[in-house]
Amino acid sequence: GSAACPESLFNQWQDLTGQVLLERYGMTEIGMALSNPYRGERRAGCVGQPLPGVEVQLFDDNNLPVNDASSAGEIRVKGDNIFLEYWNNEKATKESFIDGWFCTGDVAVIENAYYRIMGRSSIDIIKSGGYKLSALEIEGVLLTHEAIAEVAVIGVEDTTWGESVLAVIGLRKGASLEYEALKQWCSGKMSAYKIPKAIRIVDSLPRNAMGKVTKSALKSGV
């Protein structure tokens, strides 16, 4: 738990075991909200549909519901599963609700009725050249490269693009990787504007106690 399942891992697990992983989406504050079906199609890279008794809606930056199926928006949730309040923190509680909806801070799109998480609005959505890019989507592609063991994609300040895409990469043992070679490899696998503008090779990515990559630590080191 605590991080999205890369499509490459989803597919590897199915190939190795014959079993299909059941990916869901939830938070401490809401429990589980979205899920691929227990019986039915479980799609790689998606977290399915709202669970019974849970309402989910995407909202844009102007707090308006997103009705265009191709547009991204913040996931907001209603239901008996929602927590009551943050302990002794009235300000945080008030800031987390708008018109009865709990604001998760996570951004998603709906693809053929299934929700796909793009990432945290604060760290995983990169605004570059007028586009909103999903760091998780780019990471999922990069993880299929044979030299890459782990990767975190972040946006760094750029005078031309607003933010540019930086890939912080941990390599497999004995592997090496040059930027130009990676750029060429990415061509055809993702749109040109999503290809990292630079890479940084590290021994390992910083992680918290849950094993999740702490991107804030990476950004502070740029």
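In this predicted model, a network of salt bridges links Glu111, Arg116, Glu137 and Lys194. One pair in the network is Glu111 and Arg116. Their side chains meet in a salt bridge, with an N to O distance of 2.9 Å. The two partners differ in accessibility. Glu111 has a relative accessibility of 33%, so this residue counts as partly exposed. Arg116 has a relative accessible area of 17% and is therefore buried, because the limit for burial is under 20%.

The search was extended to the whole structure, where twelve salt bridges were found. Among them, a salt bridge joins the side chains of Glu139 and Lys215, at 2.6 Å from N to O. This pair links distant parts of the chain. Glu139 belongs to helix α3, which covers residues 135–142. Lys215 belongs to helix α5, which covers residues 215–220. The partners are 76 residues apart. Glu139 and Lys215 are both buried.

Helix α5 also contributes Lys219 to a salt bridge. The partner is Glu163, and the closest N and O atoms lie 3.7 Å apart. Again, distant parts of the chain are linked. Glu163 sits in strand β12, residues 162–171, and is 56 residues from Lys219. Lys219 has a relative accessible area of 31%, so this residue is partly exposed. A value of 31% falls between the 20% and 50% limits, which means neither buried nor exposed applies.

Helix α2 was examined at Thr93. This helix spans residues 90–95 and contains Thr93. The relative accessibility of Thr93 is 14%, so the residue counts as buried. Neighbours within four places in sequence were left aside in the contact search. On that basis, Thr93 is in contact with Leu84, Glu85 and Tyr86.

A hairpin is formed by strands β9 and β10. Strand β9 comprises residues 125–128, and strand β10 comprises residues 131–134. The strands pair in the antiparallel sense, over four bridges. Lys127 has Lys132 in β10 as its bridge partner. Two residues lie between the strands of the hairpin. Gly129 takes a positive phi there, near 60°.

Notes:
Residues are numbered from 1 along each chain as its sequence is written. This is a predicted model: local features need pLDDT of at least 70, side-chain atom pairs count only at pLDDT 80 or more; totals for chains, interfaces and linings use all residues. Side-chain values use heavy atoms; hydrogens and water are left out. A salt bridge is a side-chain nitrogen of Lys or Arg within 4 Å of a carboxyl oxygen of Asp or Glu. Buried means under 20% relative accessible area, exposed over 50%, partly exposed in between (1.4 Å probe, protein chains only). Contact means heavy atoms within 4.5 Å. Two strands pair if DSSP finds at least two bridges between them.
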